[in-house]
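Biologist: I am new to this structure and would love a close look at one part of it. Could you choose a place where two helices meet and walk me through it?

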Amino acid sequence: MATYDGVFDALGLREWCDADARTGPMSMEDLMASAQGGSDDSAEAARSLWDLPFPSLDALAESCAAVPRSRDLTVGLERGFLDIRDSLKVVVDPVTQPLSWMLREMLWIMTATPWWIMIPILLVITWLVGRSWRVVTLVAVFIGFLAFVDHYVPAMQTMAIIFVCAFICVLFGVPIGIAMSRSDRLQRSVTPILDMLQTLPPFVYLIPLIFLFSVTEPKLYGIAIILYAIVPVIRLTDLGIRLVDKDVIEAADAFGMTNRQKLFGVQIPLALPNIMAGVNQTIMMSLAMVVIASLVSAPGLGVLVLRGIRNLELGTGLVAGLGIVLLAILLDRVTKSALARIDTSRKQT
Amino acid sequence: MTENPTIKVSIRDLYKIFGSDPRGALAKVRAGMGKAELQETTGHVLGLRDINVDIAEGRITVIMGLSGSGKSTLIRHLNRLIEPTAGEIFVAGENILTWNETRLRRLRREAMSMVFQKFALLPHRTVLENAGTPLATRGTRRRDWESEAHKWLNRVGLGGNAEQYPHELSGGMQQRVGIARALTSNAGIMLMDEAFSALDPLIRSDMQDLLIELQGELQKTIVFITHDLDEALKLADHLVILKDGAVVQQGDPQHILLKPADPYIEDFVADINRARVVRVRSVMQAGPVDGATVGDVAPNDNLESVIARAGGAMDPRFRVVHDDKVIGFLEMAMVMRALVPSQSRTEAA
């Protein structure tokens with residue numbers, strides 16, 4: 001006899017409980033108990049208030065078979081997801097297809113281009129973004145080192161993934177941030193979603209994605225990285241535009257600027273330092289996620305880290321990990337130098 | 001100055017109440033509820049109450065009041081940066097409150113310009129680009145507005161700073177850019193919201209002189225907001241004194257100074273250096289001169305200069321001469337009387 005039998009009896013629910021009673025052991029514990037046989041009564045006697053179980057689904061199900069068990073909840077979620085999977089796929093698959101193409105193309109371009117073309121291109125980009133010889137030298141040294149220890153290809157793969165994902169984060173994040181800055185209601189409704197994306201362990205949203213897409217498709221890890229990394233650029237765009245000096249906005253109004261002129265001529269330029277800080281954070285977070293994404297076939301340095309863990313190849317894992325640190329420092333310095341450049345030419349009084 | 005200038009802007013029965021239900025509160029205010037009582041019973045803030053002001057074309061109208069008197073709220077009604085709760089605002093005979101967004105934008109772009117207390121320059125644009133903002137906003141091409149912006153920068157004495165950024169300039173220079181920007185728009189009406197309040201006294205005095213000089217050339221219709229009575233008396237052709245959102249007295253500043261309408265204004269004008277502000281025309285005896293005089297003075301001379309002419313002696317009499325015609329005479333006793341604040345004030349003290 002289980003603990004909560006009395007409750008169901010008192011409520012007159014006994015008949016409802018027994019209507020579709022299932023027999024047979026429900027858990028390993030039950031199975032063991034029935035295998036030992038007949039020990040039930042002695043256990044019953046030992047039960048006191050001290051041992052009162054919390055009225056959880058499992059405890060209630062013991063007394064009343066009609067109550068679902070906790071396992072049914074997780075199974076139900078899984079079934080529900082699998083049921084809508086096909087219809088979801090019809091929509092999500094074509095929409096996200098370009099992401100797969102972009103990732104594949106970018107990976108191809110960055111690995112297929114000979115190193116003596118690729119590295120100079122990267123250095124020129126660094127110069128254009130940051131206008132700082134120190135940063136260019138740093139990039140040259142770091143990439144040179146990675147190439148020297150034969151990690152050039154995985155490093156380029158990692159960078160290719162980050163470029164594509166960060167680009168898409170900015171492409172969607174900045175407009176979302178702008179929309180949020182214009183409507184308090186939108187801000188109130190989007191903020192909890194952003195909080196959730198940021199706190200949900202990254203492994204968790206890999207799971208439904210694996211069900212949705214085949215593991216061989218690049219967009220699987222692309223989406224995971226974007227979902228994780230888009231948050232800061234949205235938040236800081238919203239913040240940056242909200243922080244634009246009210247007096248300047250008023251002046252823009254007083255001189256008859258349209259909303260569009262105000263947005264592109266005043267708000268975005270003045271919010272740019274904050275937006276750039278968001279881009280910097282977004283790149284850092286995509287780098288963190290790219291390692292986890294190697295679990296679902298993302299190429300790059302993450303694969304080597306994973307191999308280090310799986311096969312206990314200490315050296316491989318450490319060198320690849322160092323490579324990721326170098327990439328992080330490199331990307332951070334390049335975006336920071338861009339930020340500093342904007343700050344000095346647009347310093348506010 | 002002509003005797004009857006045309007009225008450019010006219011404010012009629014203007015009310016502004018801040019709060020959740022301004023219409024309901026308006027009825028209470030019209031029924032005679034005061035500012036403090038309204039705030040206590042309904043939580044609404046009475047911004048402006050029953051304002052009627054005529055702003056003459058080509059003159060400087062100064063709106064003066066202490067902080068919280070509603071002066072900045074009032075000036076923002078003239079270009080509808082703030083919408084009134086009730087009332088009418090006529091610009092060149094048309095009620096601008098009935099205008100749609102497009103017409104309103106045209107008004108802000110072409111008919112009214114504004115100078116701000118905190119300068120409100122665009123920090124990411126050069127001085128030249130800031131000065132050209134009103135024309136660029138209208139869609140004029142850069143090479144077309146550049147000469148105009150240069151012209152006005154030269155006029156306010158910033159010809160050599162065109163390529164600098166606002167944060168590289170001192171406060172006084174920044175406000176010169178603000179004035180150049182307002183002039184570049186070539187609007188007939190200039191709204192100046194505490195334009196000189198953020199500047200230190202010497203620079204402020206310079207800027208006032210600059211404004212008077214420019215006004216002599218350009219004859220704009222200027223609405224100038226200030227909390228400084230000295231500044232108001234220096235600039236005003238027409239002075240409006242606000243208290244708690246209502247007009248206490250308005251008219252010729254000389255008249256207000258010599259005949260304050262209520263104790264509030266008496267308090268206000270008590271600390272003024274009257275000898276420097278009161279002009280001969282306000283105290284002279286009009287009509288033919290009888291008896292001997294020792295010299296001629298102009299009607300717009302201030303009393304300080306008359307006292308200096310008399311060398312401190314109490315007996316000289318002066319002829320008041322305007323355009324080679326004798327229009328009255330002045331005795332030193334009249335001058336002395338005018339230097340003493342009005343009667344009720346002396347009794348109270």
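Modeller: Gladly! Let's go to chain A, where helix H9 (residues 152-182) and helix H14 (residues 259-292) have axes that come within 9 Å and cross at roughly 135 degrees. Please keep in mind that this is a predicted model. Angles over 145 degrees would count as roughly antiparallel and those from 65 to 115 as roughly perpendicular, so H9(A) and H14(A) are oblique to each other. As for its hand, the crossing of H9(A) and H14(A) is right-handed.

Now look at the residues that make this contact. From H9(A) come A:Thr158, A:Ile161, A:Ile162, A:Cys165, A:Ala166, A:Cys169, A:Val170, A:Gly173 and A:Val174. H14(A) brings A:Ile275, A:Val279, A:Thr282, A:Ile283, A:Ser286, A:Leu287 and A:Val290 to the contact. What kinds of residue are these, nonpolar, polar or charged? In the contact of H9(A) with H14(A), 12 are nonpolar and 4 are polar, with no charged residue. Since Gly counts among the polar residues here, A:Gly173 of H9(A) belongs with the polar ones.

If you would like a contrast afterwards, turn to chain B, where 4 strands form an open sheet of mixed pairing in the order E11-E14-E13-E12. Its edge strands are E11 (285-286) and E12 (295-297), each pairing on one side only. Strands E13 (residues 317-322) and E14 (residues 325-331) of chain B are antiparallel partners over 6 bridges, and B:Arg319 stands opposite B:Phe329 in E14(B). Helix H16 (residues 332-339) of chain B lies across E11 and E14, at about 70 degrees to E14(B).

Definitions and conventions. Residues are numbered from 1 along each chain as its sequence is written. Chains are lettered from A and ligands numbered from 1 in the order in which they are written. This is a predicted model: local features need pLDDT of at least 70, side-chain atom pairs count only at pLDDT 80 or more; totals for chains, interfaces and linings use all residues. Axes are lines fitted to C-alpha atoms, for helices over the stretch in contact, and angles run from 0 to 180 degrees between N-to-C directions. Helices (H or I, at least four residues) and strands (E, at least two) are DSSP runs, numbered from the N terminus. Angles under 35 degrees count as roughly parallel, over 145 as roughly antiparallel, 65 to 115 as roughly perpendicular and the rest as oblique. A crossing is left-handed if the near helix is turned anticlockwise from the far one by less than a right angle, and right-handed if clockwise. Two residues are in contact if their C-beta atoms, placed from the backbone, lie within 7 Å. Two strands pair if DSSP finds at least two bridges between them.
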